[in-house]
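Grab a pencil and open the model in your viewer. Here are a few exercises, each with a worked solution to check yourself against.

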Amino acid sequence: MSQANPPGRPLLASALGGLGLLAGMALIAEGGRRLPPASIASAQGAGDLKAVSHAPIHDARPGQPARKIAEDLIAPPPLDPSRIERIEPRPPLGELGLAPRPKTPMPQDWRETLLFGPVATSAAVFEAMGRTVAISGTVDIDPDRTCTFDDTAWPCGQRARAVFNAWLRGRALKCLLPPDADRFAIAAPCALGKQDVGAWLVSNGWAMAAPTGIYGKAEVVARNARMGIFGPPQ
C-alpha cells in the first residue's frame, strides 16, 4: 500500500519555482542596464552591416568653388589677334636638315628588266642581251683615255673598263628600261643585287659624276682618296 504525499510539498515546489523565475528576470534586467547603448545598437544592426556598407555615401554639405590664388599672375594675359604676325620658319642649321629632292618619276612604261651576261665596253657602258646601256648619272671614261699621276701617264681608260668587267663577272644586272630599249643605246639606272652600279663606279674612281646626277659627293670622296683614275697607275 503506497504512502500518500504530504499535503504541503506541492505548495513548496511551486513557491520555489516562482522565486527562481523572479530571480532570472531580475538578472536579465540588471544586465540590460549595465550594457552600453552602442553595444546594444551594434548587436541589433549586426545583420544589416554588410548591406549598409555598400550603400553610396552622399555629402550633404553644400559645394563650394575652389579658392583662386594669384589669379592675375597665373591667368594668361589678354591677347589681341590683330597684333599677331606670321613669320617664315628659320633655315635649318645644316644641309642635313633639308628634305631630299624628289626623284624624277620615270615613264610608266619603263620596267625593271634583268640583263644576263653583261660585258663592259667602257668604264660605265655595257652590252647584254642585244642592248647597250650606259649607267645613268655617270660620265664614261673612254677606253683610250690616258691619266697622269705625279708626272706618270698610264692607260686609265682601259683599266677602268677591265675593273668594271671584273666586278660584273657576267652576273645579271637589274635595270629600269623602256620596252624598246633594244633598238638604241640608252642611259638607265642599274643595280647588281642591292648595289647601285653608278654609286659603285663613281665612289671607287672608275667613272665621274654627271653634273646633274646624284653622285657628286661620291666623286669628291674618290678624288680626295686618290682612288681609280684619280690615283697612281694600277
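**Exercise 1. Find the partner of C175, give the S to S distance, and work out where the two cysteines sit.**

Step one: look for the sulfur. In this predicted model, C175 is joined by a disulfide to C190, with S to S at 2.0 Å.

Step two: place both ends. This pair ties together distant parts of the chain: C175 belongs to strand β8 (residues 173-177) and C190 to strand β10 (residues 190-192), 15 residues apart.

Step three: get the handedness. The angle about the S-S bond is 110°, and the link of C175 and C190 is right-handed.

Step four: buried or exposed? The cut-off for buried is under 20% relative accessible area. C175 comes out at 0%, so it is buried. C190 has 3%, so that one is buried as well.

**Exercise 2. Work out how many disulfides the structure holds, and describe the pairing pattern of the bonded cysteines.**

Start with the count: there are two disulfides. Besides the link you've just solved, C147 is bonded to C156, S to S 1.9 Å. Its angle about the S-S bond is 70°, and the link of C147 and C156 is right-handed.

Next, check burial. C147 has 5% relative accessibility, so it counts as buried. For C156 the value is 0%, so it counts as buried too.

Finally, number the bonded cysteines in sequence order and read off the pattern: 1-2, 3-4.

**Exercise 3. Trace the open sheet that contains β3: which strands form it, and in what order?**

Take the pairings in turn. Strand β2 (residues 119-120) runs antiparallel to strand β3 (residues 125-128), with two bridges between them. A hairpin of four residues connects β2 to β3. If you want a residue to anchor on, A120 has F126 in β3 as its bridge partner.

Now step across to the next strand. β3 also pairs in the antiparallel sense with strand β4 (residues 131-135), this time over four bridges. Among the partners here, F126 meets V133 and V125 meets A134. These two strands make a hairpin with two residues between them, and M129 in the turn has a positive phi of about 55°.

Put it together: four strands, in the order β2-β3-β4-β9, form an open sheet with mixed pairing. β2 and β9 (186-188) are the edge strands, each pairing on one side only.

**Exercise 4. Identify the residues that touch the most other members of the largest nonpolar core, then list the contacts of L201.**

First, the hubs. The core has 39 residues, and those touching the most other members are F126, V133, F164, V197, L201, W206 and I229. The element that gives the most to this core is α5, with six residues. Remember F126 and V133 from the sheet: they are bridge partners, and both are on this list.

Then zoom in on L201. Setting aside residues up to four places away in sequence, L201 touches A123, A124, I135, F164, W206 and A207. Two of those names, F164 and W206, are hubs themselves.

**Exercise 5. Find the aromatic pair and decide whether W167 and W200 are stacked or edge-to-face.**

Before you classify anything, get the two numbers you need: a pair of aromatic rings is described by the distance of the centres and the angle of the planes.

The count is one aromatic pair. W167 and W200 make it up, at 4.3 Å centre to centre with 10° between the planes. Planes under 30 degrees apart count as stacked, and that is the verdict for W167 and W200.

Then place the rings. W167 is in helix α5 (residues 156-168) and W200 in helix α6 (residues 197-203), so the pair links distant parts of the chain, 33 residues apart. W167 has 14% relative accessibility and so counts as buried; W200, at 17%, does too.

**Exercise 6. Work out what the side chain of E219 reaches.**

Locate E219 first: look in helix α7 (residues 216-224). Its relative accessibility is 12%, so E219 counts as buried.

Now follow the side chain of E219, which reaches the backbone nitrogen of A209 at 2.7 Å. To finish, list the surroundings: neighbours within four places in sequence aside, E219 is in contact with V202, M208, A209 and F230.

Key: Residues numbered from 1 in each chain as written. Predicted model: local features only at pLDDT ≥ 70, side-chain atom pairs only at ≥ 80, totals over all residues. Heavy atoms only, no water. Phe/Tyr/Trp six-rings, centres within 6.5 Å; stacked < 30°, edge-to-face > 60°. Buried < 20%, exposed > 50% of the residue type's maximum accessible area, 1.4 Å probe, protein only. Core = buried A, V, L, I, M, F, W, Y, C linked by side-chain atoms within 4.5 Å. Contact = heavy atoms within 4.5 Å. Disulfide = S-S within 2.5 Å. Pairing = 2+ DSSP bridges. Polar contact = N/O pair within 3.5 Å; in protein donor to acceptor, adjacent residues only side chain to side chain.
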